[in-house]
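Let's take a relaxed walk through a protein model, starting with its pockets and then moving on to one of its helices. Keep the 3D view open as you read.

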Amino acid sequence: MQNALRSYKANLFQALSHPTRIAIVELLRDGELCAGAIQEQLGIEQSNLSQHLAILRGRQVLANRKEGNQVFYSLRNPVLVEVLDIMRRYFQANLAEAVQMLDEIRSEPQAMAAESAKAEGS
């Protein structure tokens, strides 16, 4: 059972492994949109959008319905938005740590120069 769950998670993350697919999911966080609206908001070619939508549908991330000649897309489970929000917080936490390390690295030469000047003045 554990392996089946891990495989499911891996497949889901693989479906979300492209920035355009994440952007699609984020666009749909507030409700369904037609393919034309998604394309317009993302500014990508229709054929490119179709490929990404097919992957997300195939991995059960999106649901779709036809109305006339339009196809509307929505998230199968909005909890996926929470997963993306958690990933944003994870990124922000790691970014904050990286910035702190960078600040420490930048201050090292200044601290070393100050120590060197202090040693020469003694």
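How much space lies in the largest pocket? In this predicted model, the answer is about 320 Å³. If you want to find the spot, look for Tyr8, Leu12, Val79, Leu80 and Val83, which lie nearest the centre of the largest pocket among its 13 lining residues. Two elements, helix 1 (2-15) and helix 5 (79-121), give two or more residues to that lining, and helix 1 has the largest share.

Now for the second largest pocket. Its lining is made of Phe13, Leu16, Ile22, Glu26, Val83, Leu84, Met87 and Arg88. Here, helix 2 (19-27) and helix 5 supply at least two residues each, with the largest share coming from helix 5.

Here are the two pockets side by side:

| Pocket | Space | Largest share of the lining | Kinds of lining residue |
|---|---|---|---|
| Largest | about 320 Å³ | helix 1, 5 residues | 7 nonpolar, 3 polar, 3 charged |
| Second largest | about 160 Å³ | helix 5, 4 residues | 6 nonpolar, no polar, 2 charged |

Next, zoom in on a single residue. Thr20 sits in helix 2. Is Thr20 buried or exposed? It is buried, because its relative accessibility is 15% and the cut-off for buried is under 20%. Leaving aside residues up to four places away in sequence, Thr20 touches Leu42, Ile44 and His52.

His52 takes us to helix 4, where it is one of the buried residues, along with Leu49, Leu53 and Leu56. Why do these four count as being on the same side of helix 4? They cover an arc of only 100° around the axis, so they share one side. There's a handy bit of background here: an α-helix has 3.6 residues a turn, so residues three or four places apart point the same way. Flip to the other side of helix 4 and you'll find Gln51 and Gly58, which are exposed.

What do the buried residues of helix 4 pack against? Their partners are helix 1, helix 2, helix 3 (35-42), strand 2 (62-67) and strand 3 (70-75).

As for its dimensions, helix 4 runs over residues 46-58, which makes 13 residues. From first C-alpha to last, helix 4 reaches 18 Å, close to the 18 Å expected at 1.5 Å a residue. Just after helix 4 comes Gln60, with a positive phi of about 65°.

Technical notes
Residues are numbered from 1 along each chain as its sequence is written. This is a predicted model: local features need pLDDT of at least 70, side-chain atom pairs count only at pLDDT 80 or more; totals for chains, interfaces and linings use all residues. Side-chain values use heavy atoms; hydrogens and water are left out. On a 1 Å grid over the protein atoms alone, a cavity is a set of points where a 1.4 Å probe fits but cannot get out, and a pocket is an open set with protein on both sides within 12 Å along at least five of seven lines; lining residues have an atom within 4 Å of a point. Grid points are joined across faces, edges and corners, and a volume is the space filled by probe spheres set on the points. Ala, Val, Leu, Ile, Met, Phe, Trp, Tyr, Cys and Pro count as nonpolar, Asp, Glu, Lys and Arg as charged, and the others, Gly among them, as polar. Buried means under 20% relative accessible area, exposed over 50%, partly exposed in between (1.4 Å probe, protein chains only). Contact means heavy atoms within 4.5 Å. The expected span of a helix is 1.5 Å times one less than its number of residues. The arc is that of the directions from the helix axis to the C-beta atoms.
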